[in-house]
Amino acid sequence: MLGKLKIIALKTYYSFPVQLLLLHFRKYQVLLVFWAILFSTINGGFAKVFGGDALFLNPEYLGRVNFYSTAILGLASGIFTMSWHITTFILHTQRFKFLATTAQPFFRYCLNNSIIPLLFLINLLFRGWAYQQDYQLSGVTEILLLAEGYVCGYMLIIFFSFFYFFGADRNIGRRLTRKFGTPRKFVKLILKPTQEPDENALPVHSYLFTPWKVRRARKVDHYDKFYLDSILKQHHFAAIITVGAALVCLVILSFLMDYNVFRIPAGASVLIFFAFLIGISGAYAYLLQSWAIPLFLVMLLALNIMVQSNVVDNRNKAYGLEYKNKHHRPVYSPEALQHFFTEARRQADVDSGLAILERWKQKFPGGRKPLLVVMNFSGGGSRSALWSMNVLQRLDSVLGGRVMRHTVMMTGASGGMMGASYFRELYYEQQLGMPITLYDTTYTERISQDLLNPVFTSLAVNDFITPFRRFKIGDNYYARDRGYAFERQLNHNTHNVLNRTLGEYYLPESKGTIPMLVWNATINADGRRLMISPQNISYLCAPEYLYPTRMDKTAHLVRDIDGVDFGQYFARQHAMSLQVTSAIRMSATFPYVLPNVYLPSDPIVDVMDAGIRDNFGQQTTLRYLFTFRKWINENTAGVVYLQIRDTRKNDITRIKESQSLSDVMFAPLFTMQSHWSAMQDFNQDATLNYLEGYFPNKFHRIIFQYVPQQANKTAALSLHLNSREKMDIGDALDNPTNMTALRYVEQLFNNINPDK
């Protein structure tokens, strides 16, 4: 009995599927990285915080998840699977020359090489079912339809590929017959024994002839080696053609991405991109052999030279800003900033700010002083954008449309500013007489629509395959990268109401028609804040020292400039022509998801997410209040400071009871990152405590915070929200803490109401 089991075990071990699987782990392990990334992503490991699993488990096409969207994902999965088969076929078949003696060698190879693809297919269908049921709240019939779409797309590519290679088999047979002569001569030649043993060959006992039939592998010692190599090389050539087809497909997609119908689901784009990478790496290694690494180094050197000489320039720019004229760029240095943001400039801007406040006050006739409202919005992707819209809509409804009338300042970071910018624009259109109902749920649905798919699609297609593509605004050219895709989709989701330039808000803000709104970003070179506003706001660029004591090289007393007023500093670069969506994106540039924006200074600097410096926008608000403290005390009934944040205040990140090896290795590296918001909170609370003293009994801080109903099911920090997450964010307003905050705001406005 033991002897039979041993024989079965040996036969299984030396079967073609098992030998292939082991070979993948012994050779070219880099190709397995693609599978590892995909498995980890769909199982909630890799890129979970960005909502990476949603790209594959909830693929959107034309704004919907349906049979067609999953069918496209299935097509892409089939392309990736066939690329995997083709590439490994090219690299490994020299070790399994018995395939050359079989009918349809490529089909037999794929059949025996399907362990990993089959596991992936089953895993994705299983995880997709659970995701649709738990997060999208889909019914069984709908889920089955989605699964059907995926399987149909997948099988279509598989059948098409085998049809192509079956045709290739017939052509290969004809070419070999012509090459080796008559059938008798052909048989005599191919049965000529091999002159020398093949050192690369691996022992194989049996292989899958069909999915249900096993055959013993034929020995090939009596075949001519040249004949076997000829068959395999002909198949390799046919396989390389398919890699070229994948590249052509990606290039076509990149040029047609401006048309909605060609913007396929991001997961599909990623799979096609991975298919191309696998295919090109296999073809590259096969064709160049020992020259592969030297030529790769030469290519890297050439690319580096082209990037340094700006022949290939894929750096992202702020759309609308002028970059061509390099002679009038502002110098970026501590000395230049101090020279530019002078006390005289600051005082002039303070006077402009006071004039705006006076015009704002004129909206409240009568002897009673109005409440002054300032708002801060935290970062947090689409989660924060939707939460901000929900809170603003509820406030507008509860207060009868008064909240924006009393607001003078809105600022913050990242996703929160998406929601704030959208709500303010809707309010502006309402003031212009358009039929806008601010608490209409249509607007929350629009701001929560997917932004992740176009970003990742562009990353896979435009950023890597066609980085040279440009579009034009005025006389300036800008890259069609994922930043462009983000802004285009944001405009599409919001029906183009944000398709404005910065300068278009100058007059309505100056007249007090709408609140001032300041977008913040972080300058990577030194951590200074970049503050984007159509108004002159240099008074926000430095602390207001009453008695400055620090001197520069010329013994003059100086202020420490810790921020840059974008509008004034880049006036020569047409700062007022900046697209509003670019200002939003600069504030929300999360690493890797969106590209850093570089600015036309001398030397150039780049900016990214405002949350690095201040995830709540509080520093900007506090300096604004401090600057105008005297006017506020004399002319208002007090300050209502609203903080709208997508995280729980004073939350504690629990330490794991048991640690994995990765926790031991990497947790210390990310400790500061995981507590970044909490540390900002503590520092800002201390600053806020001092500021309250300037408004005795007239300062009201009110916090609205998103707290998930289940602690382990917080909405992802992503540019994509599923149905359950949207519902959870909407329901969070009804928790006791937020209801108390709403009642407090309502009480303040009812007790101190100049509108009546």
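Author: A salt bridge is a side-chain nitrogen of Lys or Arg within 4 Å of a carboxyl oxygen of Asp or Glu. Keep that in mind as we look around this predicted model.

Reader: Thanks! What makes Asp562 and Arg613 a salt bridge?

Author: Their side chains meet at 3.8 Å, N to O, and the cut-off is 4 Å, so the pair qualifies. Asp562 sits in the loop between strand S9 (529–532) and strand S10 (563–565), while Arg613 belongs to helix H24 (residues 611–614), so the pair ties together parts that are 51 residues apart in sequence. These two also take part in a network of salt bridges with Arg529 and Arg623.

Reader: Are Asp562 and Arg613 buried or partly exposed, and how do you know?

Author: Buried means under 20% relative accessible area. Asp562 has 17%, so Asp562 is buried. Arg613 has 23%, so Arg613 counts as partly exposed.

Reader: How many salt bridges are there in the whole structure?

Author: A search finds 12. One of them joins the side chains of Glu425 and Arg500, at 3.0 Å from N to O. Glu425 lies in helix H17 (residues 414–431) and Arg500 in the loop between H20 and H21, so this pair ties together parts that are 75 residues apart in sequence. Both Glu425 and Arg500 are buried.

Reader: What makes Arg585 and Glu487 a salt bridge?

Author: The N to O distance between their side chains is 2.7 Å, which is within 4 Å, so the name fits. Arg585 is in helix H23 and Glu487 in helix H20, so they tie together parts that are 98 residues apart in sequence. Arg585 has a relative accessible area of 0% and Glu487 has 4%; under 20% means buried, so both are called buried.

Reader: Why is Tyr259 called exposed?

Author: Exposed means over 50% relative accessible area, and Tyr259 has 52%, so Tyr259 counts as exposed. You will find Tyr259 in the loop between helix H10 (225–255) and helix H11 (266–288). Together with Leu62, Val261 and Phe262, Tyr259 makes a nonpolar surface patch of about 400 Å².

Reader: And what about His574: which exposure class does His574 belong to, and why?

Author: At 44% relative accessibility, His574 falls between the limits of 20% and 50%, so His574 is partly exposed. This residue is in the loop between helix H22 (566–569) and helix H23 (580–587).

Reader: What is notable about the phi of His574?

Author: Most residues other than glycine have a negative phi. For His574, phi is near 65°, a positive value. His495 also has a positive phi, near 55°, and lies in the loop between helix H20 (482–493) and helix H21 (506–510).

Reader: Why is the peptide bond from Asp602 to Pro603 called cis?

Author: Its omega is near 0°. Most peptide bonds are trans. Pro603 is in the loop between strand S11 (597–599) and strand S12 (605–608).

Reader: Which residues have the most contacts inside the largest nonpolar core?

Author: They are Leu599 and Phe704, in a core of 172 residues. This core draws at least three residues from each of domain 1 and domain 2. Leaving out residues up to four places away in sequence, Phe704 touches several residues, among them Trp387, Leu642, Ile644 and Leu733.

Methods:
Residues numbered from 1 in each chain as written. Predicted model: local features only at pLDDT ≥ 70, side-chain atom pairs only at ≥ 80, totals over all residues. Heavy atoms only, no water. Core = buried A, V, L, I, M, F, W, Y, C linked by side-chain atoms within 4.5 Å. Buried < 20%, exposed > 50% of the residue type's maximum accessible area, 1.4 Å probe, protein only. Domains from an automatic or database assignment. Contact = heavy atoms within 4.5 Å. Patch = residues over 30% accessible without salt bridge, like charges linked within 9 Å, V, L, I, M, F, W, Y side chains within 5 Å. Areas by Shrake-Rupley, 256 points an atom, 1.4 Å probe, with all protein chains shown as cover. Helix = DSSP H or I, 4+ residues; strand = E, 2+ residues; numbered from the N terminus.
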